[in-house]
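Please open the model in your viewer with a cartoon representation, and keep the sequence panel at hand. The stops below go from the whole chain to single sheets and then to single residues.

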Amino acid sequence: MAMADRQAHTLWEGSLTGGKGDTEFASSGIGRFPVTWASRTKRAEGKTSPEEMLAAAHASCYAMAFSNVLTGAGNEPARLHVTSTVSLDPKEGGGVEVTRSALEVSGVVAGLDQDGFQRAAEEAEKGCPISNAIRGNVEITVKATLEA
């Protein structure tokens, strides 16, 4: 039995390039968000995309994993700011694919120097459930900057 199940729904109308959709975060009830092909490949213009949702999932999951690693080592973070940039690229042979998630984290953590912060950041990536779900299919990079 799963520790937790979460659910989202998408209603799509029309063709891939001319159609539109609406994604609802059903488990949390936080809202419905419009999605289009153009929001994936051109400009967001107030709409989201699967890649943006993956970036949000990766950034939030990684922030929790990193906080856990730091706290477990006796260096509870005062603050972590994580950005995930998910890239959609043309796929060899046609179509498109998600190719990378670049994690950038800055933070305020007492008791660590820059090298220690980077090492902990890389360790945390290995324990992040979203990283573990996409690793092997998507390149994952981690850039960590310790703030003064």
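How many positive and how many negative side chains does the protein chain have, and how far apart do the centres of the two sets lie? In this predicted model, the protein chain carries 14 positive and 19 negative side chains, and the centres of these two sets are 5 Å apart.

**The whole chain**

Keep everything selected for a moment and orient the view along the principal axes, where the C-alpha trace of the protein chain spans about 55 × 35 × 30 Å. Colouring by secondary structure should bring out four helices and six strands, and following the protein chain from the N terminus gives the order β-β-β-α-α-β-β-α-α-β. If you switch on a surface, the accessible area of the protein chain comes to about 9300 Å², with 52% of it belonging to carbon and sulfur atoms. Of the 148 residues, 31% count as buried. For those who prefer a contact map, residues 24 or more positions apart account for 48% of the contacts with a separation of 6 or more.

**The sheet of strands 1 to 3**

Now select residues 8-13, which are strand 1, together with residues 20-25, which are strand 2, and residues 31-35, which are strand 3. They form an open sheet in the order 1-2-3, and the pairing is antiparallel. Strand 1 and strand 3 stand at the edges with a single partner strand each, so one side of each has no neighbour in the sheet. From one strand to the next, the twist of this sheet averages 20°.

Looking at the pairs in turn, strand 1 and strand 2 are joined in the antiparallel sense over six bridges, and in one of these threonine 10 has threonine 23 of strand 2 as its bridge partner. The two strands make a hairpin with six residues between them, and glycine 14 in the turn has a positive phi of about 95°. On the other side, five bridges join strand 2 to strand 3, again with the strands running antiparallel, and aspartate 22 has proline 34 of strand 3 as its bridge partner. Strand 2 and strand 3 also form a hairpin, here with five residues between them, where glycine 29 in the turn has a positive phi of about 70°.

**From strand 3 into helix 1**

Step along to threonine 36, which sits in the loop between strand 3 and helix 1 (37-41). Is this residue buried or exposed? Threonine 36 has a relative accessible area of 14%, and because the limit for a buried residue is under 20%, threonine 36 counts as buried. Beyond residues up to four places away in sequence, threonine 36 touches Trp12, Gly19, Lys20, Lys47 and Thr48.

Next, select alanine 38, which lies in helix 1 and, at 32% relative accessibility, is partly exposed. A distance label from alanine 38 to threonine 17, drawn C-alpha to C-alpha, should read 7.2 Å, although the two residues are 21 residues apart in sequence.

**The sheet of strands 4 to 6**

Hide the previous selection and pick residues 79-90, which are strand 4, residues 96-108, which are strand 5, and residues 139-146, which are strand 6. Here too the sheet is open and has three strands, in the order 4-5-6, but the pairing is mixed. Strand 4 and strand 6 are at the edges, each with a single partner strand, so one side of each is left without a neighbour in the sheet. The twist averages 15° from one strand to the next.

Zoom in on strand 4 and strand 5, which run antiparallel and are joined by twelve bridges. Proline 90 stands opposite valine 96 of strand 5, and serine 84 is placed opposite leucine 103 of strand 5. The hairpin formed by strand 4 and strand 5 has five residues between the strands, and glycine 93 takes a positive phi near 90° there.

**Helices on the sheet**

With this sheet still displayed, add residues 50-72 to see helix 2, which packs on the sheet and touches strand 4, strand 5 and strand 6, its direction making about 145° with that of strand 4. Finally, add residues 114-127, which are helix 3: this helix also packs on the sheet, in contact with strand 4, strand 5 and strand 6, and its direction makes about 150° with that of strand 6.

Definitions and conventions: Residues are numbered from 1 along each chain as its sequence is written. This is a predicted model: local features need pLDDT of at least 70, side-chain atom pairs count only at pLDDT 80 or more; totals for chains, interfaces and linings use all residues. Side-chain values use heavy atoms; hydrogens and water are left out. Two strands pair if DSSP finds at least two bridges between them. Axes are lines fitted to C-alpha atoms, for helices over the stretch in contact, and angles run from 0 to 180 degrees between N-to-C directions. Contact means heavy atoms within 4.5 Å. Buried means under 20% relative accessible area, exposed over 50%, partly exposed in between (1.4 Å probe, protein chains only). Accessible areas come from the Shrake-Rupley method with a 1.4 Å probe; for residues, only the protein chains shown count as cover. Lys and Arg count as positive and Asp and Glu as negative; His and the chain ends are not counted. The place of a charge is taken as NZ of Lys, CZ of Arg, CG of Asp or CD of Glu.
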